[in-house]
Amino acid sequence: MATPDRELLSRTARNAVRALMSDLVAGAIGEYWENEHFATAEYISGMPVYAGGSRATFHGARPDWKFESRPLLTDPRVLHEHQERIRAGLERDPAAAIASCKELVESLCKIILEQQGIEFPPGEDLPPLFKRVTMLLGLNADAVADHAKASATVVKILRTLTTTVQGLAELRNQLGLGHGRAAPSPALTRHARLALNSTVTVTEFVLDTWQDRIDRGKLPPRSQ
């Protein structure tokens with residue numbers, strides 16, 4: 001007499017696996033639509049429904065610097081760590097996101113200086129670190145080759161980068177997690193997005209300029 005086949009997995013285990021796979025698939029689909037500039041419009045039966053249109057911010061809910069596409073960043077792991085903290089904190093913990101924005105710029109400055117063989121004191125804060133990077137990259141001179149007026153105009157804009165970095169450091173001290181706060185931070189999501197947008201502007205320009213200086217032979221690709 002034939003005996004019925006035994007189930008390899010119990011009903012409970014099958015349901016758990018099915019739920020897990022559904023969550024993974026839904027998460028992957030959600031990330032795809034967000035990357036294509038669609039935002040969640042509503043939820044039906046617990047599942048998101050996406051719609052086109054403007055997002056809450058240009059960089060979206062998951063900002064992505066694509067550090068791995070930068071050939072000079074041979075080990076961008078620490079930058080990715082800061083990026084993940086910014087993503088996690090934009091909505092849930094703006095103060096932490098602000099702090100991570102400042103730390104991302106600081107880490108990038110150190111990476112550039114170390115790779116180019118420029119020494120700096122341990123524990124040096126962001127503004128003087130950024131000043132060393134601007135000097136290394138020549139951001140205050142010959143901004144537009146062979147065009148004096150345009151160069152002067154661009155230099156004026158470049159000066160705002162220094163002001164932006166200084167403001168980012170101050171914002172972290174006032175609204176972020178710096179110096180052991182005695183009271184909860186009043187930081188809001190819009191403050192965190194301001195820090196994010198400022199960070200993107202500074203880091204992308206610095207990375208582009210660094211690559212340009214290497215490509216044109218004005219800097220060695222590695223410290224000698």
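## Asp93, between H2 and H3

Asp93 sits in the loop that links H2 to H3. In this predicted model, Asp93 has a relative accessible area of 36% and is therefore partly exposed, since that class runs between 20% and 50%. Asp93 and Ala192 are 99 residues apart in sequence, yet their C-alpha atoms are 8.7 Å apart in space.

## Overall layout

The protein contains 6 helices and 2 strands. Along the sequence these elements come in the order α-β-β-α-α-α-α-α. Of the 224 residues, 34% are buried. The accessible surface of the protein is about 14,000 Å², and carbon and sulfur atoms account for 56% of that area.

Contacts that span long stretches of sequence are well represented: of those between residues at least 6 apart in sequence, 58% join residues at least 24 apart.

## Helices H2 and H3

H2 covers residues 77-92. Its 16 residues should span 22 Å at 1.5 Å a residue, and the end C-alpha atoms are 23 Å apart, which agrees. The buried residues of H2 are Leu79, His82, Gln83, Ile86, Arg87, Gly89 and Leu90. Polar and charged side chains thus appear in that list beside leucine and isoleucine, with His82, Gln83 and Arg87 among them. The buried residues of H2 pack against H3 and H6. An α-helix has 3.6 residues a turn, so residues three or four places apart point the same way.

H3 runs through residues 94-115, 22 residues in total. From first C-alpha to last, H3 reaches 32 Å, close to the 32 Å expected at 1.5 Å a residue. How much of H3 is buried? The count is 19 of its 22 residues, so H3 is largely enclosed by the rest of the structure. Just after H3, Gly117 takes a positive phi of about 75°.

## The nonpolar core

The largest nonpolar core has 42 residues. Within this core, Leu73, Val206 and Trp210 have the most contacts. At least two core residues come from each of H2, H3, H4 (126-137), H5 (148-175) and H6 (189-215). H3 gives the most, with 11 residues. In soluble globular proteins, nonpolar side chains tend to be buried together.

Leaving out residues up to four places away in sequence, Leu73 touches Phe67, Leu79, Leu108, Ile111, Leu207 and Trp210. One of these partners, Leu79, is also listed among the buried residues of H2.

## The aromatic pair

A search of the whole structure finds 1 aromatic pair. Trp65 and Phe67 form this pair, which is stacked, with 5.7 Å from centre to centre and 5° between the planes. Trp65 and Phe67 are both buried. Phe67 is also one of the residues that Leu73 touches.

## The loop between H3 and H4

Gln116 belongs to the loop between H3 and H4. Its relative accessible area is 8%, so Gln116 counts as buried under the 20% cut-off. Which side chain does the side chain of Gln116 meet in a polar contact? The partner is Trp210, at 3.0 Å. Trp210 is also named among the core residues with the most contacts.

Glu124 lies in the loop between H3 and H4 as well. With a relative accessible area of 13%, Glu124 is buried. The side chains of Glu124 and Arg132 are joined by a polar contact of 2.8 Å. Apart from neighbours within four places in sequence, Glu124 is in contact with Glu106, Leu129 and Arg132.

## Pro221, after H6

Pro221 lies in the segment that follows H6. Is Pro221 buried, partly exposed or exposed? Its relative accessibility is 45%, so Pro221 counts as partly exposed.

Pro221 and Leu72 are 149 residues apart in sequence, while their C-alpha atoms are 7.9 Å apart in space. Not counting residues up to four places away in sequence, Pro221 touches Gln115, Gln116 and Ile214. Gln116, one of these contacts, is the residue whose side chain makes the polar contact with Trp210.

Key
Residues are numbered from 1 along each chain as its sequence is written. This is a predicted model: local features need pLDDT of at least 70, side-chain atom pairs count only at pLDDT 80 or more; totals for chains, interfaces and linings use all residues. Side-chain values use heavy atoms; hydrogens and water are left out. Helices (H or I, at least four residues) and strands (E, at least two) are DSSP runs, numbered from the N terminus. The expected span of a helix is 1.5 Å times one less than its number of residues. Buried means under 20% relative accessible area, exposed over 50%, partly exposed in between (1.4 Å probe, protein chains only). Contact means heavy atoms within 4.5 Å. Accessible areas come from the Shrake-Rupley method with a 1.4 Å probe; for residues, only the protein chains shown count as cover. A nonpolar core is a set of buried Ala, Val, Leu, Ile, Met, Phe, Trp, Tyr and Cys residues joined through side-chain atoms within 4.5 Å. A polar contact is a pair of N or O atoms within 3.5 Å; within protein, one must be able to donate a hydrogen and the other to accept it, and residues adjacent in sequence count only if both atoms are side-chain atoms. Rings of Phe, Tyr and Trp (its six-membered ring) pair if their centres lie within 6.5 Å; planes under 30 degrees apart count as stacked, over 60 as edge-to-face and the rest as tilted.
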